[in-house]
Amino acid sequence: MSIERVKKYFSEYGMENRIREFDVSSATVELAAAALNCEPCRIAKTLSFMVDGSAILIVMAGDAKIDNPKYKAQFAAKAKMLAPEEAEALIGHAVGGVCPFGINEGVKVYLDSSLKRFETVFPACGSSNSAIELSIAELEKYSGNASWVDVCKGWQ
């Protein structure tokens, strides 16, 4: 199970006890915000895309949406999200629990600038009923972040 993979990943840093599991679904931004009793914008949603034949992840604020022209300028490709079955196979987590932790080898992670306005955010932890609160510095460190990008709109 994906959450076990994320727990194992965070146990290497002594942080597995910070993972929160809920009795309710946190599979969408709205559900996660309700489960955490926080603003939806503070949910760090992770979307999976295909670029040059490789899967990538973009972690963005819960109120952000992909801006196609910005995405194309950054990646020289049209934004094409992975299908749910592709995400699980290529990333290592099922849709609803996709996160940048404990992922398959070779998946590049990008953090969108929409996250920089927060002290802490809540990414999922590999299941549709989990999250962890991380500072932006911690998110940067533990996500294996390839680089910061500006590919979103709707949050300014």
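Which strand do two bridges join to strand β2 (residues 43–51), and do the two run parallel or antiparallel? Select residues 43–51 together with 120–123: the partner is strand β6, and the two run parallel. Strands count as paired here if DSSP finds at least two bridges between them.

Before you go on, a word on what is on screen. This is a predicted model, in which local features need pLDDT of at least 70 and side-chain atom pairs count only at pLDDT 80 or more, while totals for chains, interfaces and linings use all residues. Residues are numbered from 1 along each chain as its sequence is written, and side-chain values use heavy atoms, with hydrogens and water left out.

**The whole thing first**

Zoom out and colour by secondary structure: you should find five helices and ten strands. Both are DSSP runs numbered from the N terminus, with helices being H or I of at least four residues and strands being E of at least two. Along the principal axes, the C-alpha atoms fill a box of roughly 40 × 30 × 25 Å. The radius of gyration is 14 Å, which agrees with the value near 15 Å for a compact globule of 156 residues. That radius is taken over C-alpha atoms, and the globule rule is 2.2 Å times the number of residues to the power 0.38.

Of the 156 residues, 51% count as buried. Buried means under 20% relative accessible area, exposed means over 50%, and partly exposed is in between (1.4 Å probe, protein chains only).

**Stop 1: around β6**

Back to β6. Pick Ala-44 and look across to Pro-123 in β6, which stands opposite. Now add residues 134–135, which make up strand β8: two bridges join β6 to β8, and this pair runs antiparallel. Here Thr-120 stands opposite Ser-135 in β8.

**Stop 2: the salt bridges**

There are six salt bridges to hunt for. The cut-off is a side-chain nitrogen of Lys or Arg within 4 Å of a carboxyl oxygen of Asp or Glu.

Start by showing the side chains of Arg-42 and Glu-133, which meet in a salt bridge at 3.3 Å, N to O. Arg-42 sits in the loop between α2 (29–36) and β2, and Glu-133 in the loop between β7 (130–131) and β8, so the pair ties together parts that are 91 residues apart in sequence. Arg-42 counts as buried because its relative accessibility is 19%, whereas Glu-133, at 32%, counts as partly exposed.

Next, select Arg-117 and Asp-63: their closest N and O atoms are 2.5 Å apart. Arg-117 is in the loop between β5 (108–112) and β6, and Asp-63 in the loop between β3 (54–61) and β4 (65–66), so this salt bridge ties together parts 54 residues apart in sequence. Arg-117 is partly exposed at 36% relative accessibility, and Asp-63 is partly exposed at 27%.

Then go to Lys-70 and Asp-150, whose side chains meet in a salt bridge at 3.1 Å, N to O. Lys-70 belongs to helix α3 (residues 68–75), while Asp-150 lies in the loop between β9 (145–149) and β10 (152–153), 80 residues apart. Lys-70 comes out partly exposed at 26% relative accessibility, and Asp-150 is partly exposed at 38%.

For the last selection, show Glu-4, Lys-7 and Glu-21, which are linked in a network of salt bridges.
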